[in-house]
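Here's a quick walk through one protein model, taken piece by piece. Have the sequence and the 3D view open as you read.

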Amino acid sequence: MGYTLCVLGCGTMGIAILSGVVDSLDVSRIPNNLEKWESHTPGTMTPTGSPSDNTAPSRFLACVKREVSAVKLKGVFASMGVLAQNIEIFVDQNVQAVQQSDVVLLCCKPQLAHSILSEPGMQKALDGKLLISILAGVTISQLSSWVLPSTKVIRAMPNTPCKIREGMTIVTTIPSSPSEELDGAIILKIFSSIGRCRFLDEKHFDACTALSGSGPAFACIFLEAMADGGVMMGLPRAEALELASQTLQGAARMVLQAGQHPAQIRDAVTTPGGCTIAGLLALEDGKVRSTIARCIQVATDRASELGQPNKQ
């Protein structure tokens with residue numbers, strides 16, 4: 001039998017991760033219902049083996065606080081295929097759900113982590129289990145102080161594109177234990193099935209939160225601006241947005257799949273006296289490069305404050 005996966009605080013990111021994992025296991029939905037640009041990249045792994053594989057989840061629990069959230073989840077899961085319809089929803093029953101689980105994904109707001117993990121019976125329910133936190137700013141040291149020493153605590157930082165299995169997740173190192181190898185396989189199977197997954201020291205997590213966690217929002221500002229420019233020059237809105245979206249995706253995949261440095265791609269497009277160099281100089285005049293870099297710096301600083309009671 002596979003293990004039971006519980007999502008504590010199944011909001012936007014919880015839904016994204018859960019839907020991505022479930023979709024990756026539902027072979028009936030792959031690849032016929034996916035467009036070309038949503039198919040697997042080399043960084044995305046479809047789990048192998050049967051549902052009885054102990055590194056793949058076979059039961060899914062989603063925890064929410066309010067009944068209205070449960071109704072929303074039911075609607076989301078109903079549109080996701082056969083496996084998603086079997087996801088069990090728990091309303092204000094966190095401890096009961098964790099008691100029935102083997103692996104717990106903590107996906108609540110950072111400021112709610114302590115109250116959730118301090119619920120009566122929660123420490124015992126988490127005894128000996130794998131707790132994976134995706135909370136920005138809440139450290140392993142903090143999380144470990146709220147649970148029993150036997151609870152295996154790690155941090156992961158996925159981003160919202162994991163919903164279409166194009167996510168980027170950073171994971172801390174696996175705690176040393178007799179089940180270390182199995183825990184590592186479980187973690188990789190969860191996050192590699194919804195995009196790319198890399199291990200980094202926890203000291204890098206605030207920067208990862210800013211770069212890949214908040215990054216889709218920053219990228220969409222640039223994407224929208226490119227489309228606006230196309231509209232200003234006479235392109236229909238829909239076509240301008242499509243051209244901008246596919247152009248950014250193509251450039252990113254040249255970096256990821258072909259291993260080209262962004263500067264190589266830029267120089268290959270930039271011909272002497274051409275329109276590209278004219279546009280690049282306009283970007284430099286607007287200090288776009290330094291503004292974007294500073295954006296990551298400011299977001300990193302803010303990420304370090306999240307989850308810290310005295311810095312909200």
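## Ground rules

Helices (H or I, at least four residues) and strands (E, at least two) are DSSP runs, numbered from the N terminus. The model is predicted, so local features need pLDDT of at least 70 and side-chain atom pairs count only at pLDDT 80 or more, while totals for chains, interfaces and linings use all residues. Residues are numbered from 1 along each chain as its sequence is written, and side-chain values use heavy atoms, with hydrogens and water left out.

## The big picture

The protein's secondary structure adds up to 13 helices and 8 strands. Of its 312 residues, 38% are buried; that label means under 20% relative accessible area, with exposed meaning over 50% and partly exposed in between (1.4 Å probe, protein chains only).

About 16400 Å² of the protein is exposed, and carbon and sulfur atoms supply 60% of that. Areas here come from the Shrake-Rupley method with a 1.4 Å probe; for residues, only the protein chains shown count as cover. As for contacts (heavy atoms within 4.5 Å), take those between residues at least 6 apart in sequence: 69% of them join residues at least 24 apart.

## A greasy spot on the outside

F222, M226, L248, L283 and I292 make a nonpolar surface patch of about 370 Å². Patches are built from residues with over 30% relative accessible area and no salt bridge, joining like charges within 9 Å and nonpolar side chains (Val, Leu, Ile, Met, Phe, Trp, Tyr) within 5 Å. A salt bridge, in turn, is a side-chain nitrogen of Lys or Arg within 4 Å of a carboxyl oxygen of Asp or Glu.

One of the patch members, L248, sits in helix α10 (residues 237–258). L248 counts as partly exposed because its relative accessibility is 30%.

## Around N94

An unreviewed UniProt entry annotates N94 as "binding site"; such annotations may be inferred rather than shown by experiment, feature names are shortened, and positions follow the numbering used here. N94 belongs to helix α3 (residues 94–99).

Is N94 buried or exposed? With a relative accessible area of 11%, N94 is buried. Setting aside neighbours within four places in sequence, N94 touches L8, C63, I116, E119 and M122.

## Strand β7 and its partners

Strand β7 (residues 167–171) is mostly covered, with 4 of its 5 residues buried. Strands pair if DSSP finds at least two bridges between them. β7 runs antiparallel to strand β6 (residues 152–157), joined by 2 bridges, and I170 in β7 stands opposite M157.

With strand β8 (residues 195–199), β7 runs parallel, and 5 bridges join the two. Here T169 has C197 in β8 as its bridge partner.
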